[in-house]
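Reader: I am new to this structure. Please take a close look at the ligand and the residues around it.

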Amino acid sequence: MVATHVDYEARIPNNVNLSSDRRLQRALERWLPNYIDWWRDMGPEGFQEDKIYLRTAVSVEKTGWAHFDYVKMPDYRWGIFLNPTEQDRKIGFGDHLGKDAWDQVPGEYRNALRRIVVTQADTEPASVEQQRLLGKSCPSLYDLRNLFQVNVEEGRHLWAMVYLLHSYFGRDGREEAEELLQRRSGNPDKPRILNVFNEPIEDWLSFFCFAMFTDRDGKYQLGALAESAFTPLAATTQFMLTEEAHHLFVGQTGVERVIRRTCELMKGDNDYDVTKEGAIPLDVIQRYINRWYSLSLDLFGSEVSSNGATFFANSLKGRFQEQRRWEDHVGLEGSKVLPVVRDGRLGSEEVPLRNAMNEVLRDEYIADCEKALRGWNKTVEKLGLHYTFTLPDRKFHRHQGEYAGHFFTPEGELIDEETFAERQDEWIASDEDRAYVKSLMHQVTEPGHFAHWIAPPKRGINGQGMDFEYVKFTQHVRD
Ligand code: BYC
């Protein structure tokens, strides 16, 4: 039974009446210390004893679910929060359209659902691992606090998925939950499942791009899962989406502030070299965008996907906001025309709609990214410069699906591997770009101060001022 208020007296805060299921409660309480060990090992390095101004969910109602206070990260109340679902919920798409939604996993879909939950779950600890050293070079207390907010919420998203594994997938689920704490981002022997979650995030521009582009994949994948016929998955992902919004804000405004700072220093002179002032040139920012955006596009899977078709047919995973945005929820009619490479030439192919569901989701994602870019370009224009940020073509620099193994310019023109190798440093953040950006990363921890390469935000968190002490250190010097 799902309540709107969260029981914070329990060892594991929850709104699912966990104490009524002693077996499940015990299993999760056994997983808890392993999780804390993982957090201490792989969570933000060096800040575990500091007090961070964090928000915690106190209720899943639309108003008042967030409560702000100082918390040491290992004491954060990770827990299990599900959005209440309507009574007599009906399935909204696929072959089971109109039938009663499922409170339990149907035997025939157990493997597919487990795979979806595990894939989603794996991204959450992965991102915390990727970002674990960033605190040491934070550009301000405001940014440091935002990083940690994102990190603890990714930890909670892991909890959300582990709850599903423990509750609905028996022994296999419990084993998968253990393995989620064993894999490690970037470890060649036991890597995280999806590619981009094995990429190191070593500077703050990468972090902002990741939160902008990679977290945004999360918005669309969670949005598609929130439509699932399996009600516990739908209810869990709906609540995760509420938290996700802040992560996207951190990414989108983070990149905007870097652009703003650079433009301010350029003072309307398009040829001015901002590296003289220790800021990040616009073309370097563009190459960062190209890198993280193309890596994130891979997260939608193949353009033509029988997995995607099966997930939709079986009513496991819908489209983004399936109910609100689509009229036909069966998807048996219609098709999508996709660019494909055949015999070394770029052509097109018509694919039945269900097989193109990954691409339908990717389309929505791309449109959303384009909106953010328009905002960044307005900033550039307002500060009197002539520079336009663009998203590269969806075929550019891909490692999954139809375009993997082929080479394209950012404009989408098919080229050979040699040309790509010669020109890639013009297009994708190179080692040199990254070394430069990294060289600017020095920790700034005085309240109200910001690193030179980034503009302050427009406002603080939860109505607090810019010079608010968003992080209270227990020790003063940290490196
Ligand atoms: N890297 O038919 P295909 C988030 C595998 S982000 C490596 O093309 P499908 C977050 C695929 O597993 C949201 N492998 O793809 C963000 C399959 O393997 P098998 C995460 C990949 O299955 C920031 C094979 O290639 N949520 O929340 O239609 C911070 C062919 O599969 C990749 C989800 O992903 C890749 N990029 O779609 C924190 C939702 N792509 O079976 C959090 C759940 C594909 O041949 N996942 N493969 O061994 C899914 O719905 C689907 O699994 C995918 C792939 C959309 C990922």
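Author: What follows describes the surroundings of the ligand. This is a predicted model, in which local features need pLDDT of at least 70, side-chain atom pairs count only at pLDDT 80 or more, and totals for chains, interfaces and linings use all residues. Residues are numbered from 1 along each chain as its sequence is written, and side-chain values use heavy atoms, with hydrogens and water left out.

Around the ligand there are 29 residues, where being near requires a heavy atom within 4 Å of the molecule. Q120, S302, S305, K317 and N358 come nearest. By class, this shell has seven nonpolar, 15 polar and seven charged residues. Here Ala, Val, Leu, Ile, Met, Phe, Trp, Tyr, Cys and Pro count as nonpolar, Asp, Glu, Lys and Arg as charged, and the others, Gly among them, as polar.

Polar contacts are pairs of N or O atoms within 3.5 Å. An N or O atom in the side chain of S302 is 2.5 Å from an oxygen atom of the ligand. For R115, an N or O atom of the side chain is 2.9 Å from a ligand oxygen atom. D298 takes part through a polar backbone atom, 3.2 Å from a nitrogen atom of the ligand. Taken alone the ligand exposes 1100 Å², and the protein buries 82% of that; accessible areas come from the Shrake-Rupley method with a 1.4 Å probe.

Two or more residues of the shell come from each of α2 (110-130), α5 (204-225) and α8, helices being DSSP runs (H or I, at least four residues) numbered from the N terminus. With seven residues, α2 gives the most.

How values were computed
A polar contact is a pair of N or O atoms within 3.5 Å; within protein, one must be able to donate a hydrogen and the other to accept it, and residues adjacent in sequence count only if both atoms are side-chain atoms.
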